[in-house]
Amino acid sequence: MSQHLTYKRNAFQETLIGLEYTPYPGETADIYSRACVEAFADVDWTQFGYPFTQVFEPGVLHEVSFLEGVPYENLADLSYRPTSAMKLLGDLVDNAAELGSIGRINLASSLVNTSRFNLAERVLSPLAGTEDPREAFEVAWLDFMISNRRDDGRDSPAAFTRMRAAVLSGVIPRARILDACTQAVVWYLKRREVTEDDFRWYVTVGNALAKEPDRLAPSAVSSWYRGLAMLPAAKGMPAKTRSYMRSARVAAEQAVEQNSGALELNFIKTYYESSLKEHMYVSRDFDRAVESGRALIELDPVWAPSYGELADAYDKFGQVEKAAGLFIRAAELGPPYVGHHLLRAADCEERIGDYGSALSCYSALAEMAPRSAGVLRGGLRCAQEIGHESTSRFERALKELNVSTGPSEESQKNG
């Protein structure tokens, strides 16, 4: 990192590397890391139901490999096993042939949960085409998650169609069906990763299930209403969006009342994340957006993305200087998304004319992504503005890439 910026080796980094984290005095680990570590430690290899909080893109593991100083390939293939938990995970992968179908599905789930998608796919491959409906559902669920994060959803439509066929068998638990309905709504609206026919079917089924919430886990109900709120949000209907979001919060609070573990707290966290976006883009209410962002940070104060989310809100409503400070804070807290937070900070600082601070961000980014023309151009731009000695270094780096030291053609068109 740049001499002006430091980052923290945090629980998230340790969890992705070793499925363990160091407890620091007076500090609680972030919700994701706690839930991820607990899920692997407590898994019953003979039962379905491996719990997820959040699944990250392969780029996050790349970032952690840079920050940790361990080659990405060694993290991705589990040849690097620094902890007892990671040794166990690696041994399970090495001996996957000895696992039954449920064991394979749970093992693949743990690999997806820690961004080892290629290994997860390999572990699942013997179960392709299984005729058991429950196995078929869970395999299709994981195939969707792998494709969604690794392949931009290329294979997601087929996975949702297979999940639908499994549901029609009548053996899939109601909460798992509702989970699939939720993801179908979310990813149809975000990236059309579901066919329109399947999307409509999942909405109908999800609404029918949600009419009997007492027969479902509150966590599944909370997720459903958060996903469903995206439908009126997409149509610019703030009152209906808020109505669904209130239902999501009530169900999340019920989940926490039943068990206040990290997994349940994650449903409160995702409620605040969705509320923040709701008030940024649907109600366009600055005060409520900031209120949601601050509640998010209070709930999970060491989670870097929460600061980035609040920074997005400040930037959206024109308070660029506050946004810049929060993006820097997010980067200093460590992964995930150190690079993204630095890039957003640099952009904000350039816009307010703080070229020295922006240059520090670009310099740190250049260490992480030395072949990024956009980063190098940004660094050069800021260095030239203040006559900094790094000007020549950025010029040389761009020359080595054989790209122009000026603005890109696209930025010239937009400029």
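Biologist: Where does Pro 336 lie?

Modeller: Pro 336 sits in the loop between helix H18 (320-332) and H19. This is a predicted model, so read every value here as computed. A cis peptide bond joins Pro 335 and Pro 336. Its omega is about 5 degrees.

Biologist: Which loop holds Tyr 337, and what is its phi?

Modeller: Tyr 337 is also in the loop between H18 and H19. Its phi is near 75 degrees. That is a positive value in a residue other than glycine. Tyr 337 has a relative accessible area of 24%, so it counts as partly exposed.

Biologist: Where is Ser 115 found, and is it buried or exposed?

Modeller: Ser 115 is in the loop between helix H6 (101-113) and H7. Its phi is positive, near 65 degrees, and Ser 115 is not a glycine. With a relative accessible area of 2%, Ser 115 is buried.

Biologist: What follows H3?

Modeller: Gly 69 follows H3, and its phi is positive, near 75 degrees.

Biologist: Which residues of helix H3 are buried?

Modeller: Start with the general idea. An α-helix has 3.6 residues a turn, so residues three or four places apart point the same way. Now the case. In helix H3 (residues 58-68), the buried residues are Pro 58, Val 60, Leu 61, Glu 63, Val 64, Ser 65 and Leu 67.

Biologist: Which helices do the buried residues of H3 pack against?

Modeller: They pack against helix H1 (11-18), helix H4 (72-76) and helix H7 (117-124), and also against helix H8 (133-150), helix H19 (338-351) and helix H20 (355-368).

Biologist: How do I read a pair of aromatic rings?

Modeller: Use two numbers. A pair of aromatic rings is described by the distance of the centres and the angle of the planes. With centres within 6.5 Å as the rule, the count comes to 18 aromatic pairs. Take Phe 12 and Tyr 32. Their ring centres are 5.4 Å apart and their planes stand at 50 degrees, so the pair is tilted.

Biologist: Which elements does that pair link?

Modeller: Phe 12 is in helix H1, and Tyr 32 is in helix H2 (residues 31-42). The two are 20 residues apart, so the pair links distant parts of the chain. Phe 12 is buried, at a relative accessible area of 0%. Tyr 32 is buried too, at 1%.

Biologist: Which residues do ring pairs link into a cluster?

Modeller: The cluster holds Phe 12, Tyr 32, Phe 56, Trp 303 and Tyr 337. Note Tyr 337, the loop residue with positive phi.

Biologist: What does Thr 15 touch?

Modeller: Thr 15 lies in helix H1. Its relative accessibility is 0%, so it counts as buried. Leaving out residues up to four places away in sequence, Thr 15 touches Glu 20, Tyr 21, Tyr 32, Ser 33, Cys 36 and Val 37.

Biologist: How do I read two packed helices?

Modeller: Again, two numbers. Two packed helices are described by the angle between their axes and the distance between the axes. Helix H21 (residues 373-386) and helix H22 (residues 391-400) pack at about 155 degrees, with axes 8 Å apart. H21 and H22 are therefore roughly antiparallel to each other. H21 passes H22 in a left-handed crossing.

Biologist: Which residues make the contact?

Modeller: H21 gives Ala 373, Leu 376, Arg 377, Gly 379, Leu 380, Ala 383 and Gln 384. H22 gives Thr 391, Phe 394, Glu 395, Ala 397 and Leu 398. By class, this contact has seven nonpolar, three polar and two charged residues.

Biologist: At what angle do H5 and H6 pack?

Modeller: Helix H5 (residues 84-94) and H6 pack at an angle of about 130 degrees, and their axes are 11 Å apart. H5 and H6 are therefore oblique to each other. The crossing of H5 past H6 is left-handed. Leu 89, Leu 92 and Val 93 of H5 meet Leu 107, Ser 110 and Leu 111 of H6. The contact has five nonpolar, one polar and no charged residues.

Biologist: Is Arg 164 buried or exposed?

Modeller: Arg 164, in helix H9 (residues 156-167), has a relative accessibility of 18% and counts as buried. The cut-off for buried is under 20%. Arg 164 touches Asp 197, Asp 198, Trp 201 and Tyr 202, not counting residues up to four places away in sequence. The C-alpha atoms of Arg 164 and Cys 181 are separated by 9.3 Å, with their positions 17 residues apart along the chain.

Notes. Residues are numbered from 1 along each chain as its sequence is written. This is a predicted model: local features need pLDDT of at least 70, side-chain atom pairs count only at pLDDT 80 or more; totals for chains, interfaces and linings use all residues. Side-chain values use heavy atoms; hydrogens and water are left out. Axes are lines fitted to C-alpha atoms, for helices over the stretch in contact, and angles run from 0 to 180 degrees between N-to-C directions. Helices (H or I, at least four residues) and strands (E, at least two) are DSSP runs, numbered from the N terminus. Angles under 35 degrees count as roughly parallel, over 145 as roughly antiparallel, 65 to 115 as roughly perpendicular and the rest as oblique. A crossing is left-handed if the near helix is turned anticlockwise from the far one by less than a right angle, and right-handed if clockwise. Contact means heavy atoms within 4.5 Å. Ala, Val, Leu, Ile, Met, Phe, Trp, Tyr, Cys and Pro count as nonpolar, Asp, Glu, Lys and Arg as charged, and the others, Gly among them, as polar. Buried means under 20% relative accessible area, exposed over 50%, partly exposed in between (1.4 Å probe, protein chains only). Rings of Phe, Tyr and Trp (its six-membered ring) pair if their centres lie within 6.5 Å; planes under 30 degrees apart count as stacked, over 60 as edge-to-face and the rest as tilted.
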